[in-house]
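Please open the model in your viewer and keep the sequence panel beside it, since each stop on this tour asks you to select a few residues and look at what surrounds them.

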Amino acid sequence: MNTQKRRPAIVLVHPEIPPNTGNLIRVSAATGFELHLVRPLGFDVDDRSLRRAGLDYHDQAFLQVHDNWEACLATLAGDIAHAPPRRLFAMTTKGSRPYHEVQFEADDVIVLGCETKGLPAEILATFDNNHRLRIPMRPDIRSLNLANSASIVVFEIWRQNGFIGAV
């Protein structure tokens with residue numbers, strides 16, 4: 001049996017704003033989480049503002065770009081023999097379950113949509129209510145920044161799993 005460990009992951013589906021993705025490149029480097037981007041992207045991965053927001057952490061991040069959702073899913077499934085499938089959680093303001101009620105596992109995946117529209121309906125529909133998570137906030141606030149939302153949940157997953165790899 002293969003004992004290789006899978007990392008937890010952030011997936012951004014059709015991200016539009018380079019600084020948000022750049023900030024999550026820094027989060028990936030700091031936490032060891034994989035960062036998966038699903039095309040189409042609203043920027044070029046060599047975009048100057050993406051590089052500036054990611055500072056000099058690009059080479060320490062675990063970044064992969066996929067042509068579509070299906071290719072991303074295939075990569076997330078991986079080739080680790082006999083490993084159970086990874087759990088995927090959609091982050092959405094339409095979520096029925098607050099993220100802090102989940103007991104996260106060390107290889108869980110959070111999936112977020114683009115800044116202006118959220119997850120495409122056809123992708124969101126593949127998540128049952130138990131896997132649609134929301135971040136509690138006051139009722140008069142529409143949403144949080146994409147990078148901030150991902151970071152909140154990333155650090156909760158990392159905390160619950162003992163800050164693996166931290167000093």
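Begin by selecting Arg-159, which in this predicted model has a relative accessibility of 44% and therefore counts as partly exposed, the class between buried and exposed. Arg-159 is found in helix 5, and if you add Phe-104 to the selection you can compare two residues that are 55 places apart along the chain but whose C-alpha atoms are separated by 9.5 Å.

Stay with helix 5 and select Leu-146, which also lies in that helix. Is Leu-146 buried or exposed? Its relative accessible area is 8%, so Leu-146 is buried. Leaving aside residues up to four places away in sequence, Leu-146 touches Leu-12, Asn-20, Leu-112, Gly-113 and Glu-115. For another pairing across the chain, select Ile-17 as well: Leu-146 and Ile-17 are 129 residues apart in sequence, while their C-alpha atoms are 9.2 Å apart in space.

Next, colour the whole of helix 5, residues 146-160, together with strand 1, strand 4 and strand 6, because helix 5 lies across these strands and runs at about 170° to strand 6.

Now turn to the sheet itself. Seven strands form an open sheet with parallel pairing, and their order across the sheet is 3-2-1-6-4-7-5. Strand 3 (62-66) and strand 5 (97-98) are the edge strands, each of which pairs on one side only. Selecting helix 1, residues 18-31, shows a helix that packs on this sheet and touches strand 1 (9-13), strand 2 (34-38) and strand 3, with a direction that makes about 155° with that of strand 2.

Walk across the sheet from strand 2, where five of the five residues are buried. Glu-34, His-36 and Val-38 point one way from strand 2, whereas Leu-35 and Leu-37 point the other way. Strand 2 runs parallel to strand 1 and is joined to strand 1 by five bridges; to see one such position, select Ala-9, which stands opposite Glu-34.

From strand 1, move on to strand 6 (109-112). These two strands pair in the parallel sense over four bridges, and Ile-110 in strand 6 is the bridge partner of Ile-10. Which residues of strand 6 point in opposite ways? Val-109 and Val-111 point one way and Ile-110 and Leu-112 the other, and all of them are buried. Strand 6 also pairs with strand 4, again in the parallel sense, over three bridges, and here Val-109 is the bridge partner of Leu-88.

Continue to strand 4 (residues 88-91) and strand 7 (residues 132-134), which run parallel and are joined by two bridges. Met-91 and Leu-133 in strand 7 stand opposite each other, and make a convenient pair to select.

With the sheet in view, bring helix 1 and helix 5 back together. Their axes are 9 Å apart and the helices pack at an angle of about 15°. Angles under 35 degrees count as roughly parallel, and helix 1 and helix 5 are therefore roughly parallel to each other. Helix 1 passes helix 5 in a right-handed crossing.

To display the contact, select Asn-20, Asn-23, Leu-24, Val-27, Ala-30 and Thr-31 in helix 1, and then Leu-146, Ala-147, Ala-150, Ser-151, Val-154, Phe-155 and Trp-158 in helix 5, which they meet. Sorted by class, this contact has nine nonpolar residues, four polar residues and no charged residues.

The last stops are places where the backbone deserves a look. Select Arg-39 and Pro-40, which are joined by a cis peptide bond with omega at about 5°; Pro-40 lies in the loop between strand 2 and helix 2 (48-53). Then select His-14, in the loop between strand 1 and helix 1, where phi is near 60°, a positive value in a residue other than glycine. His-14 counts as partly exposed because its relative accessibility is 25%.

Finish in the segment after helix 5, where Phe-163 lies. Phe-163 is not a glycine, yet it has a positive phi of about 50°, and with a relative accessibility of 36% Phe-163 counts as partly exposed.

Key: Residues numbered from 1 in each chain as written. Predicted model: local features only at pLDDT ≥ 70, side-chain atom pairs only at ≥ 80, totals over all residues. Heavy atoms only, no water. Pairing = 2+ DSSP bridges. Contact = heavy atoms within 4.5 Å. Axes fitted to C-alpha atoms, helices over the stretch in contact; angles between N-to-C directions. Buried < 20%, exposed > 50% of the residue type's maximum accessible area, 1.4 Å probe, protein only. Parallel < 35°, antiparallel > 145°, perpendicular 65-115°, else oblique. Left-handed = near helix turned anticlockwise from the far one by under 90°. Nonpolar A, V, L, I, M, F, W, Y, C, P; charged D, E, K, R; others polar.
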